[in-house]
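Let's take a walk through this one together, starting from the overall layout and then zooming in on a few spots. Keep the structure open and follow along.

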Amino acid sequence: MLKAKTSVSSPELWAAFGVWGAWILFELFNFLWPLLFKSESKRKALGSGKYTFQPAWLNVTFDTITDLLYFGIGALSASLICEFHQGILITLIVLVILITYPFYYWYSTKMFIQNAGYPFQLRLSQWNQQIKEENKASILNFLQHNEPGKHMLLFGSRGSGKTMLSVGIATESSIKNNSCSYVTAVKLLCLFFENEDNPPITKPGAWSWRNSSLLVIDDINPGEMYKMIF
């Protein structure tokens, strides 16, 4: 059908590599533009647009490469459906092998983030409110040395981004495959009455607030909206 529509030789190959190449250029633009030109974010709701916490560029790179592998698999699969090419089949098999580890990594990471029960998705680099340098250093140190029994109290005026910051901090810990949980203070008070010897049934591989490595307690004081991270 493709050959009937055009006089180009092997149009199924041109179409596949053209689509894949377009996605490669698009992802490279998204990745390199803020990195090389340090452009400001257009998400004004998150603050001034400048990075308060630098993105984890190695993680972003890995994410971008994973996306490109999936785009390549889709494009080459469509090409094989149109017409069989041994070289395309071999390339497709190589891409499937290469995607095995990223698939396992991102699936397990998604489970750690999903089981945490965050009210929304937000990485720490997306939080762009104002913060003192010493407080910023304390947060980075807290993430780097997540020691058992170490606490952090986030406080400030209403609407200053405390919930977003606490979720961002916990999300970075979840990405490192740590068992994290988010709960409001009112809900936590109710959970205190659970029978510790007979806890409620959870999903396989999930955890409760009792055995979380990091626990975010939101709305400790509804008036001031404190956040406690354990």
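What pattern does the chain follow when read along the sequence? It runs α-α-α-α-α-α-β-α-β-α-β-β, which comes to eight helices and four strands. Keep in mind that this is a predicted model. Of the 230 residues in the chain, 34% are buried. Look at contacts between residues at least 6 apart in sequence, and you'll find that 73% of them join residues at least 24 apart.

Let's begin with the helices α3 and α4. Helix α3 covers residues 57-82 and helix α4 covers residues 86-98, and their axes come within 10 Å of each other, crossing at roughly 150°. An angle over 145 degrees counts as roughly antiparallel, so that is how α3 lies relative to α4. The crossing of α3 past α4 is left-handed. On the α3 side, the contact is made by Leu69, Gly72, Ile73, Leu76, Ser77, Ser79 and Leu80. Their partners on α4 are Ile88, Leu89, Thr91, Leu92, Leu95, Val96 and Leu98. If the spacing of those positions catches your eye, here's a bit of background: an α-helix has 3.6 residues a turn, so residues three or four places apart point the same way.

One residue in that contact deserves a closer look. Is serine 79 buried or exposed? Its relative accessible area is 2%, and the cut-off for buried is under 20%, so serine 79 counts as buried. This serine sits in helix α3. Setting aside neighbours within four places in sequence, serine 79 is in contact with Glu12, Leu13, Ala16 and Ile88.

Helix α3 also has dealings with α5, residues 100-116: their axes come within 10 Å and cross at roughly 120°. That angle makes α3 oblique to α5. Here, too, α3 passes in a left-handed crossing. The residues that meet are Asn59, Phe62, Asp63, Thr66 and Tyr70 in α3 and Tyr101, Pro102, Phe103, Tyr105 and Trp106 in α5.

Moving on along the chain, the loop between α5 and α6 holds tryptophan 127. With a relative accessibility of 4%, tryptophan 127 counts as buried. Try finding phenylalanine 53 from there: the two are 74 residues apart in sequence, yet 7.4 Å apart in space, C-alpha to C-alpha.

Now for helix α7, residues 162-175. Its 14 residues reach 20 Å from first C-alpha to last, close to the 20 Å expected at 1.5 Å a residue. This helix is mostly covered, with 13 of its 14 residues buried. After α7 comes asparagine 177, whose phi is positive, near 65°.

Which residues touch the most other members of the largest nonpolar core? Among its 18 residues, those are Tyr118, Leu124, Ile139, Leu165 and Ile169. Two or more residues each come from α6 (133-144), β1 (152-154), α7, β2 (180-184) and β3 (214-218). The biggest giver is α7, with four residues. For a sense of the packing, try isoleucine 139: beyond its neighbours within four places in sequence, it is in contact with Phe53, Leu124, Ile131, Met152, Leu165 and Ile169. There's also a second, separate core of eleven residues, and its members include Ala16, Trp20, Leu69 and Leu92. You've met some of these already: Leu69 of α3 and Leu92 of α4 belong to the contact between those helices, and Ala16 is a contact of serine 79.

How values were computed:
Residues numbered from 1 in each chain as written. Predicted model: local features only at pLDDT ≥ 70, side-chain atom pairs only at ≥ 80, totals over all residues. Heavy atoms only, no water. Expected span 1.5 Å × (residues − 1). Buried < 20%, exposed > 50% of the residue type's maximum accessible area, 1.4 Å probe, protein only. Core = buried A, V, L, I, M, F, W, Y, C linked by side-chain atoms within 4.5 Å. Contact = heavy atoms within 4.5 Å. Axes fitted to C-alpha atoms, helices over the stretch in contact; angles between N-to-C directions. Parallel < 35°, antiparallel > 145°, perpendicular 65-115°, else oblique. Left-handed = near helix turned anticlockwise from the far one by under 90°.
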